Amino acid sequence: MPERWKELLAGKILGLLYTVSLIYFPVIILSILLWLSLTGFQSTGDELLRLFWIVLGYFVYFFIICIVCILVSAVSKTSRESLIKLISIWLLFIVIMPRTAQAFGAYLHPAPSKIDFDTRVENELLKTGDSHNPDDIHYKAIKDSLLQTYKVKTVEELPFNYSGYIMAEGEKISAGIYNTYWKKQLEIYEKQNNVNQYLSYVNPFLSIKNLSMALTGSDFNSYTSYQEQVEVYRYQLAQLMNKLQMENISNKKQKADEKPYTISSDHWKQMPDFQYRFIERKNLFRNEVVSIISLIIWVVGLLFFIHYVSKKIKI
């Protein structure tokens, strides 16, 4: 009898999975066609591989759901009892736990608000001086050092644009301070996110959610990667502008009737357009190893549970 129950349970699971597939695969095919049409049917190999892993991941997730549904039905005395249990599981796993995980992570690792963060950065910047203030002690020391190095008496005699140099120095200092505080902020966010990650061991919905977000480039790691790439590009652009000012703008003060100093637009061709680079697949899967292991544990654990239930179940 246990073997017959095992076969019956396996048949019901496969039957339910087949029913789910009748809806799942047409929706996936339609979504792929819509996505390809929006991209002009031009997709990279990396994008197609990501799509494959998304499809496979959700198929495994639905397989887990099918097993859970059949097992709950098998251990319930009536269909009403089975329905109540399944609704309770849905509320716990899909509604309550995801929101609780976020709140619990924020409680364990509170992060400064945006106002607090901006205030701390601003206070630190005030300690380093103001590059726009010619009488600032810090930047006056830089000015005196330049005059002494080049053996001149005024900034107009320097072989480069003094304002451009000071702006470049100010950008270097301010960017360094901001990045230091931002990295501390990200460390707190990462700790909050880890709470969500480890809870995926007890909730397969969190596992597939985290994995699919990573594969589509909308997870926390992709967010931080994007922030870092944008900041690097912004800093390089700002320093290019400062460099162009140093090399192409005269130090001499203009008269009221003179044409303002300008820089040819040809110089902007030195800076290529920003191109976002997705996280490499090996790093992506390394970041989501908890989610992957969680899905594997759920599949293996449920299969063992089926074997156990098939021996204990009674008519």
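Where does Ser291 sit? Ser291 belongs to helix α10, which covers residues 289–312. Keep in mind that this is a predicted model. Here's a quick tour, starting with that serine and moving on to the cores, a helix pair and two loop residues.

**Around Ser291**
- Ser291 has a relative accessible area of 0%, so it falls under the 20% cut-off and counts as buried.
- Its side chain makes a polar contact of 3.1 Å with the side chain of Glu288.
- Setting aside residues up to four places away in sequence, Ser291 touches Gln197, Ser200, Ser207, Asn210 and Leu211.

**The nonpolar cores**
- The largest nonpolar core has 25 residues, and the members touching the most others are Ile13, Phe63, Ile64, Ile67, Leu71, Leu302 and Ile306.
- Helices α1, α2 (45–75), α3 (79–108), α7 (204–215) and α10 each chip in at least two residues to this core.
- α2 gives the largest share of this core, with nine residues.
- Ile13 is in contact with Phe63, Cys66, Ile67, Ile70 and Ile306, once neighbours within four places in sequence are left aside.
- Another core lies apart from that one; it has 17 residues, including Val121, Leu147, Trp182 and Phe220.

**How α6 and α8 pair up**
- The axes of α6 (residues 162–199) and α8 (residues 220–248) come within 9 Å and cross at roughly 175°.
- That crossing angle is over 145 degrees, which means α6 runs roughly antiparallel to α8.
- The residues in the contact between α6 and α8 are a mix: twelve nonpolar, nine polar and five charged.

**The end of α1 and the loop after α1**
- Leu36 is part of helix α1, residues 2–38.
- With a relative accessible area of 16%, Leu36 is buried.
- Beyond its neighbours within four places in sequence, Leu36 is in contact with Phe41 and Ser43.
- Phe41 sits in the loop between α1 and α2, and at 58% relative accessibility Phe41 is exposed.

**Two backbone oddities**
- Most residues other than glycine have a negative phi.
- Phe41 goes the other way: it isn't a glycine, yet its phi is positive, at about 55°.
- Lys151 isn't a glycine either, and Lys151 also has a positive phi of about 55°.
- Lys151 lies in the loop between α5 (137–150) and α6.
- Lys151 has a relative accessible area of 77%, so it clears the 50% cut-off and counts as exposed.

Note on methods: Residues numbered from 1 in each chain as written. Predicted model: local features only at pLDDT ≥ 70, side-chain atom pairs only at ≥ 80, totals over all residues. Heavy atoms only, no water. Helix = DSSP H or I, 4+ residues; strand = E, 2+ residues; numbered from the N terminus. Buried < 20%, exposed > 50% of the residue type's maximum accessible area, 1.4 Å probe, protein only. Contact = heavy atoms within 4.5 Å. Axes fitted to C-alpha atoms, helices over the stretch in contact; angles between N-to-C directions. Parallel < 35°, antiparallel > 145°, perpendicular 65-115°, else oblique. Nonpolar A, V, L, I, M, F, W, Y, C, P; charged D, E, K, R; others polar. Polar contact = N/O pair within 3.5 Å; in protein donor to acceptor, adjacent residues only side chain to side chain. Core = buried A, V, L, I, M, F, W, Y, C linked by side-chain atoms within 4.5 Å.
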